[in-house]
Amino acid sequence: MTVRFTLRQLEYFVAVGEAGSIAQAAERVNVSSPSISAAIVQLENEFGLSLFVRRHAQGLALTQSGRQLMEQARNVLGQTEALNRQAIDLSGTV
């Protein structure tokens, strides 16, 4: 199994899904809007799915597939944070 997406892309995906806007997500994670847009397009291409419905005047809304993947993305990011915390704890005890 080859994973062809990054944790950063998942972070941006979750930020857009929660904010409903690329501009607001970019502010939230402190990166440019084009970086967020590129990450979302790359994820959609990798998964072969549309994650968002783009509504020009109203921002973005998660598709049904996007909602399902959002839950998993949050889980992956949460597990990653737990792994990082455990590694920090362990490095302090060695």
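These legends accompany close-up views of a predicted model.

**View 1. Helix H1 and its buried residues.**
Welcome to helix H1, which runs over residues 7-19. Its 13 residues should span 18 Å at 1.5 Å a residue, and the end C-alpha atoms are indeed 18 Å apart, so expectation and model agree. The buried residues of H1 are Gln9, Leu10, Tyr12, Phe13, Val14, Ala15 and Val16. Just after the helix comes Gly20, with a positive phi of about 75°.

**View 2. Gln9, a buried polar side chain in H1.**
Here we zoom in on Gln9, which sits in helix H1. Gln9 counts as buried because its relative accessibility is 9%, below the 20% cut-off. Its side chain reaches back to the backbone nitrogen of Thr6, at 2.8 Å. Beyond the neighbours within four places in sequence, Gln9 is in contact with Arg4, Ala39, Gln42 and Leu43.

**View 3. Where H1 meets H3.**
Two packed helices are described by the angle between their axes and the distance between the axes. For H1 and H3, the angle is about 105° and the axes are 9 Å apart. H1 is therefore roughly perpendicular to H3, since angles from 65 to 115 degrees fall in that class. On the H1 side, the residues that meet H3 are Gln9, Leu10, Tyr12, Phe13 and Val16. Their partners in H3 are Ser35, Ile36, Ala39, Ile40, Gln42 and Leu43. Each of the H1 residues just named also appears among the buried residues of that helix, which include Gln9, Leu10, Tyr12, Phe13 and Val16.

**View 4. A salt bridge within one helix: Arg8 and Glu11.**
The structure holds five salt bridges, and this view shows one of them, between the side chains of Arg8 and Glu11 (3.1 Å, N to O). Both residues lie in helix H1, three residues apart, or about one turn of the helix. An α-helix has 3.6 residues a turn, so residues three or four places apart point the same way. Arg8 counts as partly exposed, as its relative accessibility is 49%. Glu11 is partly exposed too, at 29% relative accessibility.

**View 5. From H1 to H2: Glu18 and Arg28.**
In this view the side chains of Arg28 and Glu18 meet in a salt bridge of 2.8 Å, N to O. Arg28 lies in helix H2 (residues 22-29) and Glu18 in helix H1, so the pair ties together parts that are ten residues apart in sequence. Glu18 counts as partly exposed because its relative accessible area is 41%. Do look for Arg74 as well: Glu18, Arg28 and Arg74 are linked in a network of salt bridges.

**View 6. From H3 to E1: Glu44 and Arg54.**
Another salt bridge joins the side chains of Arg54 and Glu44 (2.9 Å, N to O). This pair links distant parts of the chain, with Arg54 in strand E1 and Glu44 in helix H3 (residues 33-47), ten residues apart. The two ends of the bridge fall into separate accessibility classes: Arg54 is partly exposed, with a relative accessible area of 42%, whereas Glu44 counts as buried at 11%.

**View 7. Asn30 in the loop between H2 and H3.**
The loop between H2 and H3 is the place of Asn30. Although Asn30 is not a glycine, it has a positive phi of about 60°. Its relative accessibility is 70%, so Asn30 counts as exposed.

**View 8. Leu51 and its many neighbours.**
Leu51 is found in the loop between H3 and E1. This loop residue is buried, with a relative accessible area of 0%. Not counting residues up to four places away in sequence, Leu51 touches Phe13, Leu43, Glu44, Ala61, Leu62, Thr63, Gly66 and Leu69. Leu51 and Gly17 are 34 residues apart in sequence, and their C-alpha atoms are 9.0 Å apart in space.

**View 9. Val53 in strand E1.**
We finish with Val53, which lies in strand E1 (residues 52-55). Val53 counts as partly exposed because its relative accessibility is 37%. Leaving aside neighbours within four places in sequence, Val53 is in contact with Gly59, Leu60, Ala61 and Thr63. Ala87 lies 34 residues from Val53 along the chain, and their C-alpha atoms are separated by 38 Å.

Definitions and conventions: Residues are numbered from 1 along each chain as its sequence is written. This is a predicted model: local features need pLDDT of at least 70, side-chain atom pairs count only at pLDDT 80 or more; totals for chains, interfaces and linings use all residues. Side-chain values use heavy atoms; hydrogens and water are left out. Helices (H or I, at least four residues) and strands (E, at least two) are DSSP runs, numbered from the N terminus. Buried means under 20% relative accessible area, exposed over 50%, partly exposed in between (1.4 Å probe, protein chains only). Contact means heavy atoms within 4.5 Å. A polar contact is a pair of N or O atoms within 3.5 Å; within protein, one must be able to donate a hydrogen and the other to accept it, and residues adjacent in sequence count only if both atoms are side-chain atoms. The expected span of a helix is 1.5 Å times one less than its number of residues. A salt bridge is a side-chain nitrogen of Lys or Arg within 4 Å of a carboxyl oxygen of Asp or Glu. Axes are lines fitted to C-alpha atoms, for helices over the stretch in contact, and angles run from 0 to 180 degrees between N-to-C directions. Angles under 35 degrees count as roughly parallel, over 145 as roughly antiparallel, 65 to 115 as roughly perpendicular and the rest as oblique.
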